[in-house]
Amino acid sequence: MRVPVDWLREYVEIPKQARGADIAAALVKVGLEEEGLHGADLTGPLVVGRVLTQQLEPQKNGKTIGWCTVDVGDANGTGEPQGIVCGAHNFQEGDLVVVALPGSVLPGGFAISARKTYGHVSAGMICAADELGLPDDGSGGIIRLADRLPAHELAPGDDAVPLLGLDRETVEINVTPDRGYCFSMRGVAREYAHSTGASFVDPVVALRDRAPAGNDVGFPVELRDDAPMRGRAGCTRFVARIVRDLDPAATTPDWMATRLTEAGMRPISLPVDITNYVMLALGQPLHAYDLDTLTGPVVVRRARAGETFTTLDDVRRTLYPQDLLITDGGERPLGLAGVMGGQDGELGEGTTAVLVEAARFDPVTIARSARRHRLTTEASRRFERGVDTDLAAAAAQLAVELLVDLAGGRADDAVTDLAEPLEPVAIDLDPAAIGRLVGVDYTVDKVTAILDEIGCSIDGSGDLFAVTPPTWRPDLTTWPDLAEEVARIDGYDRIPSVLPAAPGGRGLTTEQEGRRLAANLLAGRGFSQVWSAPFVGEALFDQLGYPADDPRRSTLRIANPLSDEAPLLRTSVLPSVLEVARRNVSRGTKDVALFEHGLVLGGPAGVAPTYDVGVYPGAEAVEQIAAAVPAQPRHLAWAMVGEAEPAGWWGPGRAADWADAIGVVHALAEAFAVEIRVSTGAEAPFHPGRCARVELADGTYLGSAGELHPKVVSALGLSGRPVGGELDLDRLIAASTSPQASGLSNYPSAQSDVALVVDAAVRAADVEAALRRGAGDLLESVTLFDVYEGDQLGEGSRSLAYRLVFRAPERTLRTEEVNDLRDAAVAAAGTATGATQRI
């Protein structure tokens, strides 16, 4: 919310010397955080000048420039006229203009200096409105001060900054969702008064007194809501006022256009600007319709399934039965209630009569419509946070008065005001409970004084009060809400800081320790951890080369995705890591090593009933909902692009290859003390010949690793030969064991090498497993150290060379024993895989 300081001064007494920073500091004390300060950012001399001469000079480029001499009084230090080149021609000799002299800096950091241009030395600039950050006065060119300030006596050299309001400041604050009333000057002024004790007079009180009562002859309105949400009607009040005989040529006055601009809104036309002005001033969104286009009555109803209409942003929208509509005669949609108006009934240049709408809408209805249509507006932002339930008539009155005063209109005596009772509910409050909750000893008088200050009415005495919140505070529904208000107004700085004692606990869970272990291991190997949103697009499955029946294609579509390009929950983490790698490479990082662990969708979703928000459905219903939630295991993925070992004076670098990806698998298995089996695989998105399938010792699938398939590399926009992998981290952690230390043998080891010829289709991991089984308990290790394929073996065969290391714990092994153990291992491999010893 942008709060122009001069506008705020109309609602609350602010010291003349107070600047924007002082006001922001006061608002911070009551919980309205400062987002920024705007305005008053023009420095240097900006003065009134009188054009003495204006010589038009055509240029070779087809442009005509004006060579002007301008009287700036003594502002330049010499009293001599300034020579200035100007490209605009909407002024003439004798006009008073605004001149930025050398040394001034205009908004946006535009510094003015004397410079040679078009054959002249231009000592300054004659300014247009947009160059000074002001709304356009309609001329589209240079500011003519006689048009803007006709009643002022101006002289060359006068300071133009205060004349144009360029010393005005705007404070930008962050309004939290529970403080919707602060989306108005009225609300912010009230909070400033709470913070400083300044005098605040609610402008709504006088407006309510001037507003006529509703009668039976106003414009006909019908409230039809056949499908209330959560048992609440979508519209509980509708005020309609008619203003006729408007002057179509009336324009928005400068003071209003300036305030709207400072508040972040663009002036459009006088009737529209008035509705926006009232909304910013009081917090009640309004809408104005061209009365001559309405046949009546205005009907507020729910949309029909599949019904469409075009909103003011020129978008044709398909409506939902839950959307609330403002219609003409119940058929022609005029607007999406509380969100945005439609093109039908839109105010035009020739509008002379308007129907002003000020309504009270259900916050949930408006919030859901805005989200369904992805249409957040200034109106919906206020309605969904809760507008003062007793504000509609006063806001309509202010709009009518402005239309009469500024557009020459005539207000009808007939007023439509349909309203259902909607009184705030009283809250039972024990004043002493506030002190116990906050930790400050508040007296009963202090509590009642603060609650009265924020607008609450208090009934009762002694230990229990009945506190009724004001109509502009729909967020106050429980006694802790009131306690928060007391603490806020009294000052958060008065609440003592007490460090809570750390409760005894078990430390990290097994899963947390496992995640930390995996992350530390990969970080130690040079990988950088990343986080990415768990959403993907359907096209990604084809890019990754998933087969049509791949279970990873089975996922869930998000009802309201952050992006239409990624509406699905991910079933794998590796694509997210690869996307981050691609983004880094595209920005010039050649060598990338990244990892991420996160949740994936691991199964189908069940079916469970839905319930209203804020209502506990019961333990059985909660169990049904939990059972319907699909499995979401945590996966760990990593990727490497470019060099694994950098080049330097020591020599060339080494590109990352499939062995680096599989090395991560072995390192993780060793860290978690998990026995795994790594075998040749052919799983997307990896190259079939450079892919490893990873399983636990019992055959449970863990994941895969290797080099990406060239087609996948191309589809994902990568280059080179990226490698990576992905494991089910939850399964790895669950299989982790606490390794038991064994005694060290003091006796020497004995090793024996064997070369086994196997069919090329036989996996080396199967041969190794058979060797281990056959060698017995004295086998200390087995290592594959050579693979050979060639003419000596024949087509379809290959030789695998293993080194077997044996050791006995209590004696030195004899050669004969080692040979027998080796032969037993070879025999077991032959039986299991058909391996024969190579001679």
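**Cavities, pockets and salt bridges in the predicted model**

The largest cavity is lined by 14 residues, and those nearest its centre are Gly-180, Tyr-181, Ser-184, Leu-282 and Asp-388. The model examined here is a predicted one. About 120 Å³ of space lies within the largest cavity, and the structure holds 3 cavities of 30 Å³ or more. Helix 5, spanning residues 185-196, gives the most to the lining of the largest cavity, with 3 residues. Sorted by class, this lining has 5 nonpolar, 5 polar and 4 charged residues.

Turning from the cavities to the pockets, the largest pocket has a volume of about 1300 Å³. Its lining is made up of 36 residues, with His-666, Arg-677, Val-678, Ala-765 and Glu-768 lying nearest the centre. Several elements give two or more residues to the lining of this pocket: helix 19 (658-672) and helix 22 (764-775), together with strand 34 (676-680), strand 35 (686-696), strand 39 (779-788) and strand 40 (797-806). By class, the lining of the largest pocket has 20 nonpolar, 7 polar and 9 charged residues.

Two of the strands just named are joined by a loop that deserves a look of its own. Ala-682 lies in this loop, between strand 34 and strand 35. With a relative accessible area of 63%, Ala-682 is above the 50% cut-off and therefore counts as exposed. Ala-682 and Ala-801 are 119 residues apart in sequence, and their C-alpha atoms are 24 Å apart in space.

Glu-768, one of the residues nearest the centre of the largest pocket, also brings the salt bridges into view. The side chains of Glu-768 and Arg-772 meet in a salt bridge, at 3.3 Å from N to O. Because these two residues are 4 apart in helix 22, about one helical turn separates Glu-768 from Arg-772. Glu-768 has a relative accessibility of 25% and counts as partly exposed; Arg-772, at 40%, is likewise partly exposed. Elsewhere, salt bridges that share partners join Arg-186, Arg-190, Asp-202, Arg-208, Arg-237, Asp-388, Asp-390 and Asp-417 into one network. Asp-388 in this network is also among the residues nearest the centre of the largest cavity.

In total, the structure holds 65 salt bridges. One of them is formed by Arg-410 and Asp-245, whose closest N and O atoms are 3.0 Å apart. This pair links distant parts of the chain, 165 residues apart: Arg-410 belongs to strand 23 (residues 410-419), whereas Asp-245 sits in the loop between strand 14 (235-244) and helix 7 (254-262). Arg-410 is partly exposed at 44% relative accessible area, and Asp-245, at 49%, is partly exposed too. In another salt bridge, the side chains of Arg-332 and Asp-328 meet at 2.7 Å, N to O. Here the partners fall into separate classes: Arg-332 is partly exposed, with 25% relative accessibility, while Asp-328 has 5%, which is under the 20% cut-off, and so counts as buried.

Finally, the surface offers a nonpolar feature. Tyr-611, Ile-625 and Val-629 make a nonpolar surface patch of about 240 Å². Tyr-611 is found in the loop that runs between strand 30 (592-599) and helix 18 (619-628). Its relative accessible area of 39% makes Tyr-611 partly exposed, and patch members need over 30%.

Notes. Residues are numbered from 1 along each chain as its sequence is written. This is a predicted model: local features need pLDDT of at least 70, side-chain atom pairs count only at pLDDT 80 or more; totals for chains, interfaces and linings use all residues. Side-chain values use heavy atoms; hydrogens and water are left out. Patches are made of residues with over 30% relative accessible area and no salt bridge: like charges are joined within 9 Å, nonpolar side chains (Val, Leu, Ile, Met, Phe, Trp, Tyr) within 5 Å. Accessible areas come from the Shrake-Rupley method with a 1.4 Å probe; for residues, only the protein chains shown count as cover. A salt bridge is a side-chain nitrogen of Lys or Arg within 4 Å of a carboxyl oxygen of Asp or Glu. Buried means under 20% relative accessible area, exposed over 50%, partly exposed in between (1.4 Å probe, protein chains only). On a 1 Å grid over the protein atoms alone, a cavity is a set of points where a 1.4 Å probe fits but cannot get out, and a pocket is an open set with protein on both sides within 12 Å along at least five of seven lines; lining residues have an atom within 4 Å of a point. Grid points are joined across faces, edges and corners, and a volume is the space filled by probe spheres set on the points. Ala, Val, Leu, Ile, Met, Phe, Trp, Tyr, Cys and Pro count as nonpolar, Asp, Glu, Lys and Arg as charged, and the others, Gly among them, as polar.
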